[in-house]
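This report describes one protein structure for a reader who has not seen it before. Please look over the sequence and the model before reading on.

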2 protein chains.
Amino acid sequence: MVKLPEKTVERLSNYRRLLMRYQYLEKPYIFSRDLASLLKINPVHVRRDLMLIGVSGSHSKGYELRHLINQISQKLECNSGKNACIIGFSHAGRAILDILSLGNVPLNVKAIFDTSAKSINNTFNNVPCYSLEQIAAVVEKESITLAILSDMEEDPENYVALIGALGIKGIMNLTSTPLRLPDNIHLEEFDFVTSLIKLAYFSEE
Amino acid sequence: MVKLPEKTVERLSNYRRLLMRYQYLEKPYIFSRDLASLLKINPVHVRRDLMLIGVSGSHSKGYELRHLINQISQKLECNSGKNACIIGFSHAGRAILDILSLGNVPLNVKAIFDTSAKSINNTFNNVPCYSLEQIAAVVEKESITLAILSDMEEDPENYVALIGALGIKGIMNLTSTPLRLPDNIHLEEFDFVTSLIKLAYFSEE
């Protein structure tokens with residue numbers, strides 16, 4: 001299947017994030033120009049993105065909110081439910097679990113892996129936490145294809161080769177270490193440090 | 001002062017993140033082509049970025065690591081030490097505090113604001129936590145100009161007008177709500193949901 005461009009996916013996700021906020025309005029319609037204005041982007045982008053996923057609005061009323069949310073969710077495969085694990089249960093790992101537990105992203109967290117004796121053999125939001133030694137067995141048993149890497153005592157690079165060998169197809173990297181992955185593993189860098197540096201750098205004195 | 005372009009800042013931060021990993025090597029030099037290869041980007045980009053900040057390497061040995069880290073840190077004003085607060089002390093807020101406590105980003109966290117009685121009047125990594133009612137007084141007293149917004153019970157939009165009035169110049173938004181800010185406040189969206197959606201969408205079956 002042909003994938004949408006990365007920037008389009010980002011914008012569509014952002015429209016959806018905003019629309020979900022307004023879905024219970026009395027008059028559940030929105031014009032592309034209002035959506036654009038709320039997100040401070042060009043309305044032409046909005047119309048082009050929505051055309052690309054085959055959604056059309058009414059001239060007089062705009063787009064129906066719930067329909068639009070559903071169409072975006074479908075195109076972004078938000079209901080596909082791939083299986084994921086969280087490796088390293090730091091605060092960042094817990095933040096991810098909080099968000100996944102809200103249920104509006106297309107991932108089922110099946111396992112947490114950590115080095116802390118306090119976490120191992122407990123469950124968090126009904127997700128079991130295992131020791132890192134169990135990773136190969138659990139990933140296979142639970143058909144896990146995605147991994148979210150958060151900081152832990154171990155160097156995350158030690159796990160990259162292992163993770164690749166287990167058939168993991170995508171990694172979201174929340175650690176402070178940039179990762180080098182084989183080309184067949186998709187990498188999402190989610191870099192707190194760069195974002196904090198940009199916050200300080202671009203904010204006026 | 002003329003600011004560097006956003007993408008350049010992102011790449012420079014990424015070089016720095018990677019270089020810090022190698023700074024204690026026996027032979028602390030790196031070639032631009034090796035830096036590019038480690039980050040899977042075009043070496044021309046690396047050379048252009050480093051030229052832009054006035055760093056030059058040696059033909060035979062490449063760039064000296066510690067010097068390069070220092071130059072990037074200086075250009076990104078990583079030692080400027082602006083004062084920041086964390087509003088909403090969820091797991092995401094705690095993850096940010098963890099990172100800021102490592103001390104290699106240009107922010108001093110002076111205060112945490114939260115609604116939970118368990119957190120208020122405690123300190124975390126030596127940072128005091130206040131109730132949201134105290135925000136105006138504390139922001140003024142501590143000369144805070146940056147805010148990191150993480151999820152809490154209150155709707156973050158309720159705070160945007162207040163934060164603007166307090167003279168905050170930049171906000172990093174970790175909440176699930178997209179924010180609309182006045183033009184004089186810099187916004188860094190740090191959107192967990194979109195990143196998770198991209199992880200699932202772009203990873204192969």
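The text below goes from chain A as a whole to its sheet, a helix and a loop residue, then to chain B and the contact between the chains.

**Chain A as a whole**

The model is predicted. Chain A has 8 helices and 9 strands. Along its principal axes, the C-alpha trace of chain A spans about 60 × 45 × 35 Å. Chain A has 205 residues, and 52% of them count as buried. Of the contacts in chain A between residues at least 6 apart in sequence, 57% join residues at least 24 apart.

**The sheet of chain A**

Chain A holds an open sheet of 7 strands with mixed pairing, in the order β5-β6-β4-β3-β7-β8-β9. The edges are taken by β5 (123-124) and β9 of chain A; each has a single partner strand, so one side of each is left without a neighbour in the sheet. Within this sheet, β7(A) and β8(A) pair in the parallel sense over 4 bridges. A147(A) stands opposite I171(A), which lies in β8(A).

**A helix and a loop residue in chain A**

Helix α5(A) has the buried residues A92(A), G93(A), A95(A), I96(A), L97(A), I99(A) and L100(A). After α5(A) comes G103(A), with a positive phi near 80 degrees.

V55(A) lies in the loop between α3 (43-52) and β2 (63-64) of chain A. Is V55(A) buried or exposed? Its relative accessible area is 7%, and a residue under 20% counts as buried, so V55(A) is buried. Apart from its neighbours within four places in sequence, V55(A) is in contact with L50(A), Y63(A), H67(A), L68(A) and Q71(A). Q71(A) is 16 residues from V55(A) in sequence, and the two are 7.3 Å apart in space, C-alpha to C-alpha.

**Strand β8 of chain B**

In chain B, strand β8 (residues 170-173) has bridges to two strands, as the table shows.

| Strand paired with β8(B) | Bridges | Direction | A bridge pair |
|---|---|---|---|
| β7(B), residues 146-149 | 4 bridges | parallel | I148(B) and M172(B) |
| β9(B), residues 186-189 | 4 bridges | parallel | G170(B) and H186(B) |

From β8(B), G170(B) and M172(B) point one way, while I171(B) and N173(B) point the other way. These residues are all buried. Together with β7(B) and helix α7 (residues 157-165) of chain B, β8(B) makes a right-handed β-α-β unit.

**The contact between the chains**

The size of an interface is often given as the accessible area lost when the parts come together. Between chain A and chain B the buried area is about 6,700 Å², and carbon and sulfur atoms give 62% of that area. Chain A brings 71 residues to the contact, and chain B brings 71 residues.

The count of salt bridges between chain A and chain B is 12. One of them joins D191(A) to R17(B), with the closest N and O atoms 3.1 Å apart. Polar contact between the two chains involves 26 residue pairs, both residues being at pLDDT 80 or more. Several elements of chain A each supply at least two residues of the side that touches chain B, namely α1 (6-22), α2 (32-38), α5 (91-101), β7 (146-149), β8 (170-173), β9 (186-189) and α8 (192-202). Which of the elements gives the most to the side of chain A that touches chain B? That element is α8(A), with 11 residues.

Terms used
Residues are numbered from 1 along each chain as its sequence is written. Chains are lettered from A and ligands numbered from 1 in the order in which they are written. This is a predicted model: local features need pLDDT of at least 70, side-chain atom pairs count only at pLDDT 80 or more; totals for chains, interfaces and linings use all residues. Side-chain values use heavy atoms; hydrogens and water are left out. Buried means under 20% relative accessible area, exposed over 50%, partly exposed in between (1.4 Å probe, protein chains only). Two strands pair if DSSP finds at least two bridges between them. A crossover is right-handed if, with the strands pointing away from the viewer, the path from the first strand over the helix to the second runs clockwise. Contact means heavy atoms within 4.5 Å. Buried area is the accessible area (1.4 Å probe) that two parts lose on being put together, summed over both. A salt bridge is a side-chain nitrogen of Lys or Arg within 4 Å of a carboxyl oxygen of Asp or Glu. A polar contact is a pair of N or O atoms within 3.5 Å; within protein, one must be able to donate a hydrogen and the other to accept it, and residues adjacent in sequence count only if both atoms are side-chain atoms.
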